[in-house]
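Please open the model in your viewer and keep the sequence beside it, since each stop of this tour begins with something to select. Take the stops in order, and turn the view as you go.

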Amino acid sequence: MYDLTGFQRDLLYVIAGEEEPHGLAIKEELEEYYEKEIHHGRLYPNLDTLVDKGLVEKGQRDRRTNFYTLTRRGRRELEARREWESQYVDL
């Protein structure tokens with residue numbers, strides 16, 4: 001996780017919190033969080049990076065719609081990140 005951008009980490013959190021979200025659903029969640037438009041040219045290359053790193057798996061719902069899920073490795077990385085964060089943030 002240390003080599004991911006903050007945006008890529010946010011993508012992992014959104015994917016983890018949804019049931020096989022498609023790209024536009026992820027985009028809408030992040031736009032609500034960031035309070036600004038997320039362009040396709042930013043979203044999809046970052047999703048592809050997460051797929052290439054083995055953290056996310058991309059599936060195909062139909063010819064035009066892909067969906068995304070965390071891999072086991074992606075879940076482990078998120079859990080490790082949360083454990084690391086909890087050392088410094090006690091809510």
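Begin on the surface of this predicted model by selecting Trp84, Tyr88, Val89 and Leu91, which make a nonpolar surface patch of about 550 Å². Within that patch, pick out Tyr88, which lies in the segment after helix H4 and is exposed, with a relative accessible area of 57%.

From there, step back along the chain and select H4 itself, residues 72–86. If you draw a distance between the C-alpha atoms at the two ends of H4, the viewer should give 21 Å, in agreement with the 21 Å that its 15 residues should span at 1.5 Å a residue. Now colour Gly74, Leu78 and Arg81, the buried residues of H4. Because these residues cover an arc of only 60 degrees around the axis, they sit on the same side of H4. What do the buried residues of H4 pack against? Show helix H1 (6–17) and strand E2 (66–70), and you have the two elements that they pack against. Turning to the other side of H4, you will find Arg72, Arg76 and Glu83, which are exposed.

Before leaving H4, select Arg81 again, this time together with Glu85, for these two residues form a salt bridge in which the closest N and O atoms are 3.1 Å apart. Both residues of this pair belong to H4, where they stand four residues apart, about one turn of the helix. Arg81 is among the buried residues of H4, whereas Glu85, at 28% relative accessibility, counts as partly exposed. A general point helps here: an α-helix has 3.6 residues a turn, so residues three or four places apart point the same way.

The next stop is Leu12, which lies in helix H1. Is Leu12 buried or exposed? Its relative accessible area is 0%, and Leu12 is therefore buried, the cut-off for that word being under 20%. Leaving aside neighbours within four places in sequence, the contacts of Leu12 are Met1, Leu4, Leu50, Leu55, Val56, Leu70 and Leu78. Leu78 you have already met as one of the buried residues of H4. For a sense of distance, measure from Leu12 to Tyr34, 22 residues apart from it in sequence, and the C-alpha atoms will be 15 Å apart.

Now go to helix H2, residues 23–34, and select Gly23, Ile26, Lys27 and Leu30, which are its buried residues. Seen down the axis of H2, these residues fall within an arc of 100 degrees, so they line one face of the helix. Among the elements that cover the buried residues of H2 are H1, H3 and E2, while on the other side of H2 you will see Glu28 and Glu32, both exposed. The end C-alpha atoms of H2 are 16 Å apart, which agrees with the 16 Å that its twelve residues should span at 1.5 Å a residue.

Stay on H2 and show the side chains of Glu31 and Lys27, whose salt bridge brings the closest N and O atoms to 2.6 Å apart. As both lie in H2, four residues apart, the pair is separated by about one turn of the helix, and Lys27, at 12% relative accessibility, counts as buried. Just past the helix, select Glu35, which follows H2 and has a positive phi, near 60 degrees.

Another salt bridge awaits between Lys53 and Asp3, where the closest N and O atoms are 2.8 Å apart. Lys53 lies in the loop between helix H3 (40–52) and strand E1 (56–60) and Asp3 in the segment before H1, so this pair ties together parts that are 50 residues apart in sequence. Both ends count as partly exposed, Lys53 at 28% relative accessibility and Asp3 at 43%.

Finish in strand E1 by selecting Gln60, which at 55% relative accessibility counts as exposed. Which residues does Gln60 contact, leaving aside its neighbours within four places in sequence? They are Thr65, Asn66 and Phe67. As a last measurement, take the C-alpha atoms of Gln60 and His22, which are 38 residues apart along the chain and separated by 9.2 Å.

How values were computed
Residues numbered from 1 in each chain as written. Predicted model: local features only at pLDDT ≥ 70, side-chain atom pairs only at ≥ 80, totals over all residues. Heavy atoms only, no water. Expected span 1.5 Å × (residues − 1). Buried < 20%, exposed > 50% of the residue type's maximum accessible area, 1.4 Å probe, protein only. Arc of directions from axis to C-beta. Contact = heavy atoms within 4.5 Å. Patch = residues over 30% accessible without salt bridge, like charges linked within 9 Å, V, L, I, M, F, W, Y side chains within 5 Å. Areas by Shrake-Rupley, 256 points an atom, 1.4 Å probe, with all protein chains shown as cover. Salt bridge = Lys/Arg side-chain N within 4 Å of Asp/Glu carboxyl O.
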